[in-house]
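User: Please take a close look at the salt bridges here. I am new to this structure, so spell out each term as you go.

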Amino acid sequence: MPILSLLLAPPALADSLEVLGESVLAHSVADARLGSVSLSGDRLLVGAYGEDSKAGAAYIYELDGETWGQVARLDPSDGAADDLAGFAVSLDGDRALIGAHYDDDAADRSGSAYVFELDDSGDWVETAKLTASDGGEKHLFGMSVSLDGDRALVGSRAADAAWSGEGAAYVYDYDAGSEAWTETAKLVATDGSNGEKFGGAVSLEADRALVGAYSDTENGHLSGAAYVFDLDAGSWTETAKLMPSDTATYHYFGNAVSLSGDRVLVGAIGDGELGANSGAGYVFELVAGEWVEAAKLVADAGAANDQFGGSVNLYGDRAALGGQYASSTGQALVFDVVDGIWELVAEVGPSDGVASDAFGSSLSLGSDGLAVGAPLATRDTQYEGQAYVYEFAPANTAPVVEVNLGLTVSNGAVAEITPATLTAADLESGPEELLFTLVSGPDHGSLSTDVFTQADLEAGLVSYSHDGSDTADDAFEFTLSDAGGLAVDGTFVVSITAEDPDDTGPADDTGPADDPDDSDVEDSGCASTPPSPWGFGLAVLGLCALRSRRR
């Protein structure tokens, strides 16, 4: 069983992104090489390609509260020694894809990939084995894999010739009716040539595929490239070949790739901006139908041979680069888009790391976390491998005024402002942290306090007092801020109504029996005139009284 731990103090922090903790998923099996990772929600898939004489396996971990626990081991049904299952893994919800690029089904090291699914009984079961329709000796099918819903993409970097082939990537689609996976496309570079390692890295999202060819030579020996394919009218078409603006020999651009919508991230471990093989990641974005280079991501203090970009992952506006030789124990960098600019927001490294762990050789981003593999970690025994999960504080979102109905108050009166009339909410802040600050107004009254919280509203501590002036409405402007300093503006409207000066109702026409003056009042219809909120009724009543006296 794995040893799980949660360290509340992170190994490294950045001002812009708070790292809440580090979970260590240890594995006390010699030569297991646990460490290829894929994160999906509160579930993590970790490959262990050295397990059982390198037959390989993979493990499912799930987050329960603050603890990651192992819930399943995935073993290929026909696994054999030296298959290396788990060298590449991909997880999407209740489905897992595991590459075994040394599997010998079609020929020596032709390769395969296995699909596992979570069934209704809560068990993970193997549902398919994928192989290339034209697989051959040493094609290494399954060395890279990517899964998105009912579609899978499998790389075969040596396809079409043993070891040094041109390479290919294969698309598989699942049909729910037949419950079968079918190979629907073979992707190759339109300008491909022998030895370019096309398919050494793959990434899939919906109807788009990204394939790396890190040995492409268009801009120099082993300069590298990455290709975009789109599915249009049932056919997959190469729509772009990506190369960085500063490409050079031995950059290995395309050794790792990641796709997210109209944005891609490509690693280049041989980039030398901060020293030979310091490494980098390049962001490209689709703008007006053209892919343009949007950013080059490098370490703030990178050095020669860090090899950042050896692993990459993209999740919306967040990117991660792994550098397994950086900072002596390996390191992962996290970048966010801030006001349109990519900025380094976190640097993480293993709290118990040592040199040669290969920390950062695999990584995977989630909505609020990062998983990093260290397949060569040696703790209890040699090369058992470890995986690490870092939890990030959620990005601060602006507070929201959920209820702002205004208030109705009588002229000159005091009325409580309650949550029924004014309520704020925020994902990251509690009621006591949501602060209303008076900016201007009210002009015809006052508040019991110029600064109050949502908790004060709920406790009935906030009220408005009208000054009795002749006005029908009032208002005050406020700023609502949360615990993280984000703020929104609002206006609260007060409606003023005049009080009824006589709440006993109109006088009785007959009056009491002993009223000596009742017989002297002529019936003029005045007694039935109701008072008006604007004083008109008072004037009419005064006229009636005058008529009575004259009689």
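Analyst: What follows goes through the salt bridges pair by pair and then turns to one loop residue.

This is a predicted model: local features need pLDDT of at least 70, side-chain atom pairs count only at pLDDT 80 or more, and totals for chains, interfaces and linings use all residues. Residues are numbered from 1 along each chain as its sequence is written, and side-chain values use heavy atoms, with hydrogens and water left out.

Start with the total. The structure holds 29 salt bridges. The term stands for a side-chain nitrogen of Lys or Arg within 4 Å of a carboxyl oxygen of Asp or Glu.

One of these pairs is D150 with R95. Their closest N and O atoms are 2.8 Å apart. D150 sits in the loop between β11 (141–148) and β12 (151–156), while R95 belongs to strand β8 (residues 95–100), so the bridge ties together parts that are 55 residues apart in sequence. Strands here are DSSP runs (E, at least two residues), numbered from the N terminus. The two partners have their own levels of exposure. D150 is partly exposed, at a relative accessible area of 41%. R95 is buried, at 11%. The cut-offs are these: buried is under 20% relative accessible area, exposed is over 50%, and partly exposed is in between (1.4 Å probe, protein chains only).

Next comes R109 with D108. Here the closest N and O atoms lie 3.6 Å apart. R109 is partly exposed, with 28% relative accessible area. D108 also counts as partly exposed, at 33%.

A further bridge joins the side chains of E218 and K241, at 2.6 Å from N to O. E218 is in the loop between β16 (208–213) and β17 (225–232), and K241 is in strand β18 (residues 235–242), so this pair links parts that are 23 residues apart in sequence. E218 is partly exposed, at 47% relative accessibility. K241 is partly exposed too, at 22%.

Some bridges share partners. In this way E51, D52, R73 and D75 are joined into one network.

Now the loop residue. L84 lies between β6 (67–74) and β7 (88–92). With 11% relative accessibility, L84 counts as buried. Which residues does L84 contact, leaving aside its neighbours within four places in sequence? They are Y49, K54, A55, G99, A100, H101 and Y102. Contact means heavy atoms within 4.5 Å. G142 is 58 residues from L84 along the chain, and their C-alpha atoms are separated by 9.8 Å.

Technical notes:
Helices (H or I, at least four residues) and strands (E, at least two) are DSSP runs, numbered from the N terminus.
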